[in-house]
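Work through the exercises below with the sequence and the model at hand. Try each task before reading its solution.

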Amino acid sequence: MTADGRTWPHRPLRPGDRVAVVAPAGPVAEETLDRGLTTLRDWGLEVSLGRHVLRRHPVLDYLAGDDAQRADDLTWALSARGVRAVLCARGGYGSARTLSHLDWDRVEGHTPRLLVGSSDITALHAALGARLPVASLFGPMVGSTYFVDQPAAREHLHQVLFAPDELGPLGRGSGMPIRGGRASGTSWGGTLSLLAASLDRPDVPRPPDGAIALLEDIDEEPYRLDGMLTQLLAAGWFDAVAGVALGSWERCDPPERVRDVLADRLEPLGVPVAWEVGFGHCADQVTVPLNVPVSLDADVGVLTLLSPP
């Protein structure tokens, strides 16, 4: 159990443990998923697939199956006996729609298990973190190229799952803070566009008081990043945060313009703001636990877990 009372499921994973793989958002390329599943089995894990993991919505081809199918798989994975972790196959779009159909009566009360995913999975991390006393992992998804084609990202996820007590500081140590300093709090957040899109949803809560906010995104023009940050600021999303850790801003070029926007919007918060910690949509991404107490060193650009799992 972490210092704030959240549960890291009993012990690290070990060979023979059962994990579930589901697709709560976009459709999955079968060949890519097969490569990812092979890696999980090479790690010694018993892999169970959601019944609809390879489905596609009959009309909306950007969704993996219809909302009820995706929600049924996620509900099963979060409540099935013996499942130690739930790994999302990919992001894309659709998690917020899935969340609306999740069967909380089945999920709540079962043994907590880790949720692993990033990008569109952001909404699930926040909702589950608010309803269940369990940590989760913002990291590469097993049916994505970030997992199957990038050994460093894959191996860092493996370490977080199997040997979390051996973790050192998380991040690239890039330095160059937008605002220097150190802060501690609960890690919270994910992909900026998903957080902005979820502002009006009562089932996707805002950061707890004193949180370390994690933000990253991909394929967004600087002016759109400005708009989303302005939206969060106006809604009071940042009012109680103790610090901000910025991840990758892949294809949000030009990088110097992105930094200018982020500095303009975030430096006035008066809290430490770290630049390019190394999580999110980027090569060799690091896996970052959410909903756990962490320390942020913005001067160096790293996060450190305060309560080793």
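**Exercise 1.** Find which residue of strand S8 is the bridge partner of Leu215.

Solution. The model used here is a predicted one. Start with the two strands: S7 covers residues 212–218, and strand S8 covers residues 243–250. S7 and S8 pair in the parallel sense, over six bridges. Within this pairing, Leu215 has Leu246 in S8 as its bridge partner. Another residue of S7, Leu214, stands opposite Ala245 in S8. Strands of a sheet pair through backbone hydrogen bonds, and the pairing can be parallel or antiparallel.

**Exercise 2.** State how strand S6 pairs with S7, and which residue stands opposite Ile212.

Solution. Strand S6 spans residues 182–191, and five bridges join it to S7. The two strands run parallel. Opposite Ile212 of S7 stands Ser187.

**Exercise 3.** Sort the residues of S7 by the way they point, and decide whether they are buried or exposed.

Solution. First recall the general pattern: in a regular strand, side chains alternate between the two faces of the sheet. Next, apply it to S7. Ile212, Leu214, Glu216 and Ile218 point one way, while Ala213, Leu215 and Asp217 point the other way. Then check the burial, for which the cut-off is under 20% relative accessible area. Seven of the seven residues of S7 are buried. This includes Glu216 on one side and Asp217 on the other.

**Exercise 4.** Write down the strand order of the sheet that contains S7, and explain which strands stand at its edges.

Solution. The sheet is open and has six strands in the order S9-S8-S7-S6-S11-S12, with mixed pairing. Strand S9 (273–274) and strand S12 (302–305) each have a single partner strand, so one side of each is left without a neighbour in the sheet. These two strands stand at the edges.

**Exercise 5.** Describe the pairing of S11 with S12 and the hairpin that they form.

Solution. Strand S11 covers residues 293–297, and it is joined to S12 by four bridges. Here the strands run antiparallel. One of the partner pairs is Val294 with Leu305 in S12. Four residues lie between the strands of the hairpin. Gly301 takes a positive phi near 90 degrees in this hairpin.

**Exercise 6.** Locate Leu102, and decide whether Leu102 is buried or exposed.

Solution. Leu102 sits in the loop between helix H3 (95–99) and helix H4 (104–107). Its relative accessible area is 8%. The cut-off for buried is under 20%, so Leu102 is buried. Now look at what surrounds this residue. Leaving out residues up to four places away in sequence, Leu102 touches Ala71, Leu74, Thr75, Leu78, Val107 and Leu128. Of these, Leu128 is one of the buried residues of helix H5. Helix H5 spans residues 122–131, and eight of its 10 residues are buried. For a longer distance, take Val302: its C-alpha atom is separated from that of Leu102 by 34 Å, and the two residues are 200 apart along the chain.

**Exercise 7.** Explain why the protein is described as compact.

Solution. The protein has 10 helices and 12 strands. Its radius of gyration is 18 Å, close to the 19 Å that the globule rule gives for 309 residues, so the protein is as compact as a globular protein of that length. Buried residues make up 60% of the 309 residues. Finally, the C-alpha atoms fill a box of roughly 50 × 45 × 35 Å along the principal axes.

Conventions:
Residues numbered from 1 in each chain as written. Predicted model: local features only at pLDDT ≥ 70, side-chain atom pairs only at ≥ 80, totals over all residues. Heavy atoms only, no water. Rg over C-alpha atoms; globule rule 2.2 N^0.38 Å. Buried < 20%, exposed > 50% of the residue type's maximum accessible area, 1.4 Å probe, protein only. Pairing = 2+ DSSP bridges. Contact = heavy atoms within 4.5 Å.
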